[in-house]
Each structure stands twice: as C-alpha cells, then as structure tokens.
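The following exercises concern a single protein model and are each followed by a worked solution. Please consult the sequence and the coordinates while working through them.

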Amino acid sequence: MAEKITLKKDTQSIDLEIKDATVGPSVIDLKSLYPDTGYFTFDPSYSTTASCESKITYIDGVKGILEYRGYPIEQLAEKSTYLEVAYLLFNGELPSSNIALDEFRSEVKQNMTLPENMDVIFSGFGKEAHPMAMLTTAVAALSGSYHEGIDIRDKEHQKEFFFNVLGKMPILVANVFNHNQKNANVEYDESLSYSENILRLFFGWKDGYEINPILSKALDILLILHADHEQNCSTSSVRLTGSSGTNPYAAIAAGVAALWGPAHGGANEAVVRMFGEIGSKDNISKFIDKAKDKNDPFRLMGFGHRVYKNYDPRATIIRSQCHKVLESTGNDSNPMFELALKLEEIALNDDYFVKRNLYPNVDFYSGLIYKAMDIPKEMFTAMFALARTVGWATHWCEMMSNPKHRIGRPRQLYLGEKKRDYIPINDR
Ligand code: CMC
C-alpha cells in the first residue's frame, strides 16, 4: 500500500499518494489536488517540482553526487569514453562487448554528414554572428530535412533520430566554428574517436596538424561530464517542447536556445570574460565585493547551482584536467588558471559564499581547457551543446516511449484584472 499524506483546510481534507524514488526524495502525487480541492500548487522556478519520471540520471545536490544510469560520474570520467557513455545513456546499460560498442560507434559515424542544403544556413550569417545563434538555427533547420514520414512514437524512428542528431552535432558545431574563423571545413576521419574527430573537424585544415592525445582525452572527459544533468533548464525545454508532438529536431533546437543563457550553459563563456575583466589577483576582492552587493547585478560566474549545495563533482574533475592540459600545452603557470584558483580559494573562505552553499560549478574551469585547445570563448556554449545533445535526445526518447505522457501544460497564479466591460475608445 502506497503511503499517503493528508492535506487539510477547515473541514476539508484530501489524501495524496506518495511515490517512492529508487534513491533520493519521494514525491507527492498531486494529480487529484485540483479536481478535488480547486487549488493549484505554486512553484514558479520548479525548485520543488518533479516534472516527470525518469531513469536516466540521478543527482544528490547536498552530497555532490552525479550518476548516469547508476554509474558515478567519477568512474565514467576516469574509465569510459564519450561514445560508451552515450550508449549507456541511450540503452540503459553499458555495452556487453566491443562488438556492440563498435556497432554503436559505426551508426553514429554513418550520420556524420549534413544534408546538402545546409551550407546556405551558415553562409546566411555574418562572420560576427554568435555561434549559439547559428547553432540554434542549424539544428532547427534539420527539421526541414527530417520531418515527412517521421513517426515519433515508433521506436525505430526514435533510434534513427538519436543517431542522426548525435552524428550531425559535431559537424554542425564545426561548421559554425569554421564559418566564424573563415576556415575550410574538413571531413571526419573514420579511424578517429568522436573527440579526436571534433579536434580534426576544427583544426584539420592546418598544415601538418597532429592531434594532441592529452587534449583529445580532456575533450572526451568534458563531453562525458556535460552529457546529461537530469531535468535542467535546457532538458526541460526539450521535454516541454517535444511534449506537444513537434518535430524532434525542433525540440532539440529549443534545448540549444535555452542552454545559451548565462545562468545555464552560457556561464562558461561568461566565466572567461569575467576572468579577463578581473585581470589580476589584486582585483579579486573588488569583484568578490561586487558579487556580494545586492545593488550590483554582478554575480560570480561559474559559482552556485540550483541543485548542488556542495562542490559540483564535475568541477573537481575539470580542475584536475585543467592542470594536465595546461602542463601539456607548456602553460602550467597560466595566469588565468592561477587567478581562477585564487578566486575559488577566496570565495570558499568568504562567509557570503559559505552561508549560501555557493561552490564552483561545471563552468568555472571548463572554459580554461577549451581556451588551451585554441577554441574561442564564443564557442564554449556550443561545445556544451554538442556534449548535452546525447542527454536531450535520450530524454526525448524516454518521454516518447512513455505511453502515459501528455502535453506539458503548467498553470498560473492569475494576478491580472477581474472581468470588465469594453468601453468604446471615444467614451474612455
Ligand atoms: N554570485 C553571487 N551570489 C550568488 C551567486 C553567484 N554566482 N549564485 C547565487 N548567489 C546568491 C543569490 O544572490 C542568493 O542570495 P540571497 O539569498 O541573499 O538572495 C542566493 O545565492 C541563492 O541564489 P539563487 O539565485 O536563488 O539561486 P538559483 O538556484 O536560483 O540560481 C544559479 C542558481 C546557477 C543560476 C546561480 O547560482 C547563478 O547565477 N550562478 C552564476 C551563473 C552560473 O555559473 N551558471 C552555471 C550553472 S552550472 C551549469 C549548468 O548546469 O547549467
């Protein structure tokens, strides 16, 4: 028998069912609340609302735990690869053999080409256009090529969409990069890994370009760390958009658009801009004061998280990767990295940040790695989007495979005018 919680007001009372999670907080099932009481719940930023059932990713923000399909992020970052993690997210289990993983890899690679008419999408943008503007448009444009004949309820069609978007995203992101940098596009190389191919697609036009294995490993780890993060803003955007039954590529475009904001994926670009603005360790305390000043809109970018009230486990891994990457590029005494370490140390010892549980998040150090790879800061959020595509696509497939799923339709607390009569303009 499921446990119940009783809600009482005056003489009225209602029993609401409690649903237990495998691990983590149980939820109160509110489906009978409005029909039985006439009340809605009010949770404008969804801080305490579980919007769906999911089996993909688990986060304990207080303990700083992140798991994909039950596997701790630390183990996956150390021992796995991005495509194996993609397999895990999509299928729910790790591949049972190298053959299964190779088949998966080859399905992704088969989709690493763009429809012919995509060139005009990029050439229509000015060279200064922000990469996220181009990427949102380019992903949405895929819906033009893949719409007729898609049955979003059909498992095989869902799978085709998954492999198609996973294969095409690196090509789209590389096209965006090459358009901005005025570089020639390069073909992917069958013999390379997913991450090696990304570096090749970006820099392969350079004479004698050789992939640095430390950089491709670091990139692979960044992709793993960004692959999914349960019902965050962009994933919820994909689910809500997709819940209407729209084209899945259009739903992913909604996720890319949501990710762009500085409170979400756009923070990685904002962090490196902030480091540039701070300039030197001597100015840190001035910026810490600005972040604490409630009359100043400035926030310490890359700090704080809606869910993590502890160190973001992804930031710990990225910080140690940062050391390795900077060492390999002969830049271990990188002034920006030194500044970031000092800023973190000062903030973590400041009462304001301690009391509010504000710790470095995934975006605090990631930009420094991309920068060391010669990827410009405007591209950072596009790199995040590339990695998160597997999460978005997996969530979309999970939602579409749930026969109980309905269109998402939140309600509101209406605070507008009560009914009034229209008065003709000359009588007002
Ligand atoms: N700098 C200064 N103060 C902060 C910061 C910050 N980065 N983050 C939160 N606070 C304060 C905030 O002013 C509030 O103080 P008070 O209680 O006195 O009003 C308190 O901490 C709680 O903040 P909140 O805005 O209610 O928290 P939230 O859960 O709505 O916002 C956040 C989470 C990530 C948007 C926010 O921490 C932030 O703006 N951080 C900087 C942007 C950033 O790094 N974003 C990347 C998030 S991780 C990548 C991803 O998963 O998307």
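**Exercise 1. A pocket and its lining**

How much space lies in the second largest pocket? Describe the lining as well.

Solution. The model is a predicted one. Step one gives the volume: the second largest pocket holds about 270 Å³ of space. Step two turns to the residues around this space. The lining consists of 15 residues, of which Leu114, Ile171, Asn175, Asn185 and Glu187 are the closest to the centre. Step three asks for the main contributor: helix α7 (residues 155-181) supplies the largest share of the lining, 3 residues. Step four sorts the lining by class, with 9 nonpolar, 3 polar and 3 charged residues.

**Exercise 2. Cysteines and disulfides**

Determine how many disulfides the whole structure contains, and explain the case of Cys233.

Solution. First, the search of the whole structure returns 0 disulfides. Second, a disulfide requires two cysteine sulfur atoms within 2.5 Å. The closest cysteine sulfur to that of Cys233 belongs to Cys52 and is 14 Å away, so the distance is too great for a bond. Third, consider accessibility: Cys233 is partly exposed at 46% relative accessibility, whereas Cys322 is buried at 1%.

**Exercise 3. Surroundings of two buried residues**

Locate His229 and Ala258 and list their contacts beyond the neighbours within four places in sequence.

Solution. Begin with His229, which is placed in the loop between α9 (213-226) and α10 (233-242). His229 is buried, its relative accessible area being 5%. Outside its sequence neighbourhood, His229 touches Thr57, Ile59, Leu66, His305, Tyr308, Arg314 and Arg388. Continue with Ala258, a residue of helix α11 (residues 248-259). Its relative accessibility of 18% counts as buried, since the cut-off is under 20%. Beyond the nearby sequence positions, Ala258 is in contact with Cys233, Ser234, Ser237 and His264. Finally, the C-alpha atoms of Ala258 and Thr235 are 8.6 Å apart, with their positions 23 residues apart in sequence.

**Exercise 4. Salt bridges**

How many salt bridges does a search of the whole structure find? Examine three of them, together with one network.

Solution. The search finds 17 salt bridges. Take first Lys31 and Asp29, whose side chains meet at 2.8 Å, N to O. Lys31 is exposed at 66% relative accessible area, while Asp29 is buried at 15%. These two residues also belong to a network of salt bridges that links Lys19, Asp29, Lys31 and Glu53.

Next, Arg273 and Glu378 form a salt bridge at 3.5 Å, N to O. This pair links distant parts of the chain, 105 residues apart: Arg273 is in helix α12 (residues 267-278) and Glu378 in the loop between α17 and α18. Arg273 is partly exposed at 40%, and Glu378 is partly exposed at 27%.

Last, the side chains of Glu344 and Arg319 meet at 2.9 Å, N to O. Here helix α15 (residues 335-348) provides Glu344 and helix α14 (residues 313-328) provides Arg319, 25 residues apart. Glu344 is buried at 5%, and Arg319 is partly exposed at 26%.

**Exercise 5. Positive phi angles**

Explain why a positive phi deserves attention outside glycine, and place Asn357 and Asp374.

Solution. Most residues other than glycine have a negative phi, so a positive value departs from what most of them show. Asn357 has a phi near 55° and sits in the loop between α16 (351-355) and α17 (363-372). Asp374, with a phi of about 70°, lies in the loop between α17 and α18 (380-401). As to accessibility, Asn357 is partly exposed at 31%, whereas Asp374 is exposed at 53%.

Terms used:
Residues numbered from 1 in each chain as written. Predicted model: local features only at pLDDT ≥ 70, side-chain atom pairs only at ≥ 80, totals over all residues. Heavy atoms only, no water. Buried < 20%, exposed > 50% of the residue type's maximum accessible area, 1.4 Å probe, protein only. Helix = DSSP H or I, 4+ residues; strand = E, 2+ residues; numbered from the N terminus. 1 Å grid on protein atoms, 1.4 Å probe; cavity = no way out; pocket = protein on both sides within 12 Å on 5 of 7 lines; lining within 4 Å. Points joined across faces, edges and corners; volume = space filled by probe spheres on them. Nonpolar A, V, L, I, M, F, W, Y, C, P; charged D, E, K, R; others polar. Contact = heavy atoms within 4.5 Å. Salt bridge = Lys/Arg side-chain N within 4 Å of Asp/Glu carboxyl O.
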